[in-house]
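Morning, everyone. I have one structure to go through today, and I will keep to what can be computed from the atoms.

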Amino acid sequence: MPNSTPPSPRNAHRNGTDDDRALAVTGRRSRPLRIAVIGGGPGGLYAAALLKRHDPRRTVTVWERRTPRDTFGFGVVLSDETLGAIEHADPAVHRSLRREFVRWDTIDIVHRGRTLTTGGHGFAALGRQRLLALLHRRCTELGVRLRFRTPAPPAAELAAGHDLVVAADGAGSGTREAAPGAYRPTVTTHDCHYRWLAADFAFDAFRFETAETEFGVMQLHGYPYAPDASTVVVEMREEVWRAAGFHTEPADQGPAWTVDRCAEIFAGALGGRGLRHGDSTWTAFRTVVSERWTHGRTVLIGDAAHTAHFSIGSGTKLAVEDALALATAVEEHPVLDEALAVYEAERRPVVESTQRAALASLRWFEQLGTYTAQPPRQFAFNLLTRSRRVTHDNLRLRDAAFTTAVDRDFGCPPGTPPMFTPFRLRGLTLRNRIVVSPMDMYTAVDGVPGDFHLVHLGARALGGAGLVMTEMVCVSARGRITPGCAGLYSEEQAAAWRRITGFVRAAAPGTAIGVQLGHSGRKGSTRRMWEGTDEPLPDGNWPLVAASALPYRPDGRVPTALDRVGMTAVRSAFTAAARRAADAGFDLLELHCAHGYLLSGFLSPLTNRRTDGYGGDLAGRLRFPLEVFDAVRDVWPEERPMTVRISATDWAPGGTSDTEAVAIAAAFAAHGADAIDVSTGQVVADEQPEFGRSYQTPYADRIRNTLGVPVIAVGAISSWDDVNSLLLAGRADLCALARPHLYDPHWTLHAAAEQGYTGPGAPWPLPYRAGSRRPPTGRTEVPRPRPGGSG
């Protein structure tokens with residue numbers, strides 16, 4: 001391998017007078033000819049090769065502090081999509097890889113001694129050392145300078161003598177850490193410890209195996225990367241790792257003790273064979289998120305910019321794809337500043353999506369112990385769909401037989417999607433699992449719902465959902481959020497609601513309608529959403545009350561902390577509203593204890609600073625919401641179910657923890673709640689939600705699988721495929737959708753039509769039955785072939 005010295009900045013080849021003139025005139029750097037790459041992993045090497053291949057005039061130098069054969073881990077998995085991009089960018093590299101890859105398409109999931117196999121997945125892997133060797137060879141062929149056993153100079157120093165510095169120096173990137181103000185990284189260390197190991201035989205499939213030991217649950221991830229070798233990753237939560245003694249290897253045995261213990265624990269998977277460790281050590285995964293990937297002439301790629309948990313096999317994939325995108329951007333945009341901006345703009349959405357999937361997968365394995373009691377096939381489906389990228393419909397395309405068996409275990413009659421199976425809550429049987437989530441309309445007058453509410457809720461009841469929920473219905477005038485909020489604190493309001501429930505019952509028989517009761521607390525007396533969310537009214541304000549005298553926004557009005565007399569009055573308002581709701585004909589009542597409204601304000605440590613018996617620890621913070629729940633349950637008809645909506649996280653430091661969310665749900669369930677509606681956030685104004693597809697559902701998942709209580713999942717569930725996947729995996733019992741029902745009031749019926757379902761779970765109203773098929777949009781027929789043509 002070449003190990004020569006790069007040209008000094010003083011004598012380096014200049015990019016011509018035209019480029020110098022462009023920089024002087026525009027202040028922008030032109031296409032780079034002198035390139036430094038920090039880090040000789042797959043991403044750095046591939047970036048070097050592509051940049052040199054695109055322009056042989058370039059001087060490209062790679063600094064790698066380790067030897068050519070040193071590497072982290074054993075095998076590398078790449079997707080067909082990535083391989084296709086490699087083939088297009090550099091056919092020579094693709095040909096070399098194709099000769100080396102081992103391929104397989106099955107996954108084995110071992111659960112309590114039973115192996116479930118699914119096919120159609122498609123994997124390609126090779127040894128990491130072989131990948132590096134191929135890239136070393138390609139770089140040498142192209143004339144890239146490779147400097148091994150040589151730490152790179154600091155990026156700032158390299159930038160002084162190079163047109164472009166590519167920092168591919170891994171998750172612990174010194175480049176990134178040297179300029180935190182420029183890249184603004186966030187590094188999160190997670191709960192599990194893991195170790196890369198290898199076995200000297202090839203697994204037949206990608207293998208996931210769970211070991212339920214005396215210390216806790218441990219997990220094996222294994223896959224072949226050569227005809228005679230497999231990667232084996234052993235992972236477990238930190239408390240399990242410590243209990244098993246892995247944190248203190250005996251001094252006289254060293255790593256061999258750990259390796260032998262892991263081989264013993266997973267002897268079934270290994271067939272009694274041993275493991276080897278290379279130079280790996282136990283570590284906790286760190287998720288790296290950088291707000292910016294570029295700084296002057298320096299650009300981060302791969303793990304230096306972002307990391308994705310190994311359980312979705314995307315670390316090397318992302319690094320290679322970064323290299324492809326960077327080289328392409330530099331080739332297509334002659335001004336370097338523009339090229340780097342295009343690179344980041346193109347890659348960031350892809351990376352963020354992958355990181356969300358990886359984080360979902362990581363957290364699934366962190367909570368593995370909550371799933372081990374699931375039936376084997378449901379456990380396998382849950383594992384396969386953990387990242388939300390593989391779904392029920394997608395898995396059916398891969399392995400129809402396995403997916404059909406999962407449906408059958410769930411209780412789906414033939415031809416019935418999971419979402420159209422019934423569900424029972426106390427005396428109420430819902431004909432399907434779809435809930436129209438509560439959505440504030442802000443169109444009531446003096447708390448009285450009018451024609452808008454009749455049409456809004458009536459249309460969604462006709463649209464096929466099993467349960468249609470009202471918006472938050474306020475229990476008093478002072479409990480309103482805005483002047484347009486609906487209420488149940490007068491007989492006029494109750495009569496208006498009775499008109500709506502009567503319409504639903506007559507026009508959409510079989511559709512249940514529920515009422516959500518709440519009190520705005522410190523978030524009240526504000527403008528309607530479209531006039532300014534959470535902004536105070538210009539006039540006509542009413543007094544605010546809350547658990548503590550804390551405004552919702554720093555510039556907001558300060559509420560009065562409720563005293564005992566005030567709490568009694570609020571509780572009485574809830575019970576009076578519940579009686580009116582029962583008389584109005586609602587089938588289900590939900591108590592709103594989420595989103596920072598009054599009862600939620602008692603639950604969160606960020607909003608409850610009381611020093612009496614209604615504050616302090618969680619038991620104190622739960623006291624008043626439970627008193628209200630008990631009072632409402634006492635007056636709500638026994639046969640009708642009652643649910644509670646909670647915010648399972650505040651998305652803010654010091655807020656409700658995961659453990660507290662489970663305890664809150666357990667407390668309400670113990671007091672008689674029939675289901676927990678699991679939402680998140682909106683408790684404090686400075687929250688930092690992790691938005692994304694189905695982003696709130698893991699909180700419902702944890703509560704359901706920890707406590708065994710029914711849950712309603714909410715939060716960016718947008719497709720019927722997502723709903724089916726959540727139900728089959730055992731993460732939810734019902735799914736509540738809001739915006740999809742604003743976009744399409746007949747979302748449920750259309751979901752049935754798209755799945756070819758015509759059964760009792762989604763009957764079309766008789767006047768609408770002619771529209772139960774999608775209208776034709778244009779002529780698509782072609783002439784049918786006729787016999788006897790002239791050929």
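I will start with the whole chain and then turn to two helices and one residue.

First, a caveat: this is a predicted model. The protein chain has 791 residues, and 58% of them count as buried. Its secondary structure amounts to 27 helices and 28 strands.

On overall dimensions, the C-alpha atoms fit a box of roughly 90 × 80 × 70 Å along the principal axes. The radius of gyration is 30 Å, which agrees with the value near 28 Å for a compact globule of 791 residues. As for contacts with a separation of 6 or more, 72% of them join residues 24 or more positions apart.

Now the surface and the charges. The protein chain exposes about 32,300 Å², and 52% of that comes from carbon and sulfur atoms. There are 89 positive and 86 negative side chains, and the centres of the two sets are 3 Å apart.

Next, helix H20, residues 564–584. How far does H20 reach from its first C-alpha to its last? For its 21 residues the answer is 30 Å, close to the 30 Å expected at 1.5 Å a residue. The buried residues of H20 include Gly566, Met567, Val570, Phe574 and a number of alanines, among them Ala577, Ala578, Ala581 and Ala582. An α-helix has 3.6 residues a turn, so residues three or four places apart point the same way. The cover over the buried residues of H20 includes helices H18 (491–507), H21 (598–603) and H22 (618–635), along with strands S21 (512–518) and S24 (588–593). After H20 comes Gly585, with a positive phi near 95°.

One residue of H20 deserves a slide: Thr575. Is Thr575 buried or exposed? Its relative accessibility is 12%, and buried means under 20%, so Thr575 counts as buried. Beyond its neighbours within four places in sequence, Thr575 is in contact with Ala631, Val632 and Val635.

Last, helix H27, residues 747–754. Its buried residues are Trp747, Thr748, Leu749, Ala751 and Ala752. What do they pack against? On the helix side, the partners are H17 (451–462), H25 (720–728) and H26 (739–743). On the strand side, they are S19 (434–436) and S28 (734–737). Just after H27, Gly756 has a positive phi of about 70°.

To recap the two helix ends, a glycine with positive phi follows H20, and another comes just after H27. That is what I have; questions are welcome.

Conventions. Residues are numbered from 1 along each chain as its sequence is written. Side-chain values use heavy atoms; hydrogens and water are left out. Helices (H or I, at least four residues) and strands (E, at least two) are DSSP runs, numbered from the N terminus. The radius of gyration is taken over C-alpha atoms; the globule rule is 2.2 Å times the number of residues to the power 0.38. Buried means under 20% relative accessible area, exposed over 50%, partly exposed in between (1.4 Å probe, protein chains only). Contact means heavy atoms within 4.5 Å. Accessible areas come from the Shrake-Rupley method with a 1.4 Å probe; for residues, only the protein chains shown count as cover. Lys and Arg count as positive and Asp and Glu as negative; His and the chain ends are not counted. The place of a charge is taken as NZ of Lys, CZ of Arg, CG of Asp or CD of Glu. The expected span of a helix is 1.5 Å times one less than its number of residues.
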